[in-house]
Amino acid sequence: MNIIRLTARIRAFDIFLVVVMSLFCFSCLFTMFYHQNVNHIQKLSNNFYDEDSLFFRTSQANFDFTSLYDSLPHNSVLFSKFFGRGEDIRGVVYKGSYASPNITSGRFFEETDFTSNAHLAVIGKDVPIRKTVHNKKMIEFNNLNYEVIGTIGYNLPTRMDRTILLNLNADNITSSVEYIVSSSSVQDSFNFIGNENMFGQVTLFERENVNILHLVDQGNRQLITSIIFIFILLVNSLSVLIFWIEKKNNEMRIKWNNGYSKRKIIIDNWKDFAPLLSTALVLAICSSWFIGGYLQSIHVSVLHTLVGMIILFCSFSLSVIFISYRKLA
């Protein structure tokens, strides 16, 4: 009867050990994913503007859209800010390869949409559609209809949910009051807005910092918080691990008295521990991938996951070997 109770107690503690290690491994993996994606999350919280975007006004009232598009640097995006009624309405030109918001339905703009002077719109998931023409959803701006070709959004609430993006064209470019340009380098952006023949006198101004998501890493405070939290979980995990090995004292003593070598006893301990550690890692990986996929704004790297899993597995295995060796010594 006592043997049965002891076995049940050890199994219950094994489960507790798996839970504690799963929490620690999950925290490590998800924190790694988060800080790999922090620049993207910063863009979301700041209206999808890059950190190095230039905000400017111009004295020029009229533009030749074709010349504007041709002079825009490759791999760049130009936003023009329009006045809206509750929505964030922007004209946009993408040129070359540039990251777009997450599409939940339909498609995003293609480069031919800008060169063809089409009237198209991509809207946030919370923007109401009140008009259809020939079974096509439409958004009206300045008495012109723009066909809705796609919907953007994330599983986190962001300002993009109330955003209307119109392809910048010859019909709406003069409606803009402000412009935002982001290129592959800040110098390319400066060269672009420095074209006096096109823009005339340019006035730069400070960009907005709305931080709607409350997830932005400001001054590394988020990183420091993560490190402190993970350190606390690590201490808890190691404490539980030490207690788990303490519970194997009798087993190690019996093996020692029966002529087992230290190496054999340590390997046996690791063999008992390895399945528990593997289960904890699988739970942590599944949880990280599930939450990362749900948030949509978190990109999960398979390579970094594999590297993180190997590091965690080796670290905990070495801890078991070291603690077991100390106990035997």
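Helix α5 (residues 186-193) has three residues to start from: Ser189, Phe192 and Ile193 are its buried ones. These buried residues sit on the same side of α5, because they cover an arc of only 85° around the axis. The model described here is predicted.

**What α5 packs against**

The buried residues of α5 pack against strands β1 (54-58), β2 (76-82), β10 (178-182) and β11 (202-205). They also pack against helices α3 (65-71) and α6 (196-199).

Leu204 belongs to strand β11. Is Leu204 buried or partly exposed? Leu204 counts as partly exposed, because its relative accessibility is 43% and buried means under 20%. Beyond its sequence neighbours up to four places away, Leu204 touches Leu54, Phe55 and Phe56. Phe190 and Ile193 are also touched by Leu204. Leu204 and Glu178 are 26 residues apart along the chain, and their C-alpha atoms are separated by 9.9 Å.

**The nonpolar cores**

Nonpolar side chains tend to be buried together in soluble globular proteins. Here the largest nonpolar core holds 46 residues. Which of its residues touch the most other members? They are Leu68, Leu78 and Phe109. A second, separate core has 32 residues, including Leu17, Phe33, Ile245 and Leu276.

Phe109 has a long contact list once neighbours within four places are left aside. It runs through Val92, Phe114, Leu120, Ala121, Val122, Ile149, Leu165, Leu166 and Asn167.

**Phe114 and Ser27**

Phe114 lies in helix α4 (residues 111-115). Phe114 counts as buried because its relative accessibility is 1%. Leaving aside neighbours within four places, Phe114 is in contact with Phe65, Tyr69, Val92, Val93 and Tyr94. Phe109, Asn167 and Leu168 are also contacts of Phe114. Val92 is 22 residues from Phe114 in sequence, with 8.9 Å from C-alpha to C-alpha.

Ser27 is part of helix α1 (residues 2-36). Why does Ser27 count as buried? Its relative accessible area is 8%, and the cut-off for buried is under 20%. Not counting residues up to four places away in sequence, Ser27 touches Phe229, Ile230 and Leu233.

**Accessibility at a glance**

| Residue | Relative accessibility | Class |
|---|---|---|
| Phe114 | 1% | buried |
| Ser27 | 8% | buried |
| Leu204 | 43% | partly exposed |

Methods
Residues are numbered from 1 along each chain as its sequence is written. This is a predicted model: local features need pLDDT of at least 70, side-chain atom pairs count only at pLDDT 80 or more; totals for chains, interfaces and linings use all residues. Side-chain values use heavy atoms; hydrogens and water are left out. Helices (H or I, at least four residues) and strands (E, at least two) are DSSP runs, numbered from the N terminus. Buried means under 20% relative accessible area, exposed over 50%, partly exposed in between (1.4 Å probe, protein chains only). Contact means heavy atoms within 4.5 Å. A nonpolar core is a set of buried Ala, Val, Leu, Ile, Met, Phe, Trp, Tyr and Cys residues joined through side-chain atoms within 4.5 Å. The arc is that of the directions from the helix axis to the C-beta atoms.
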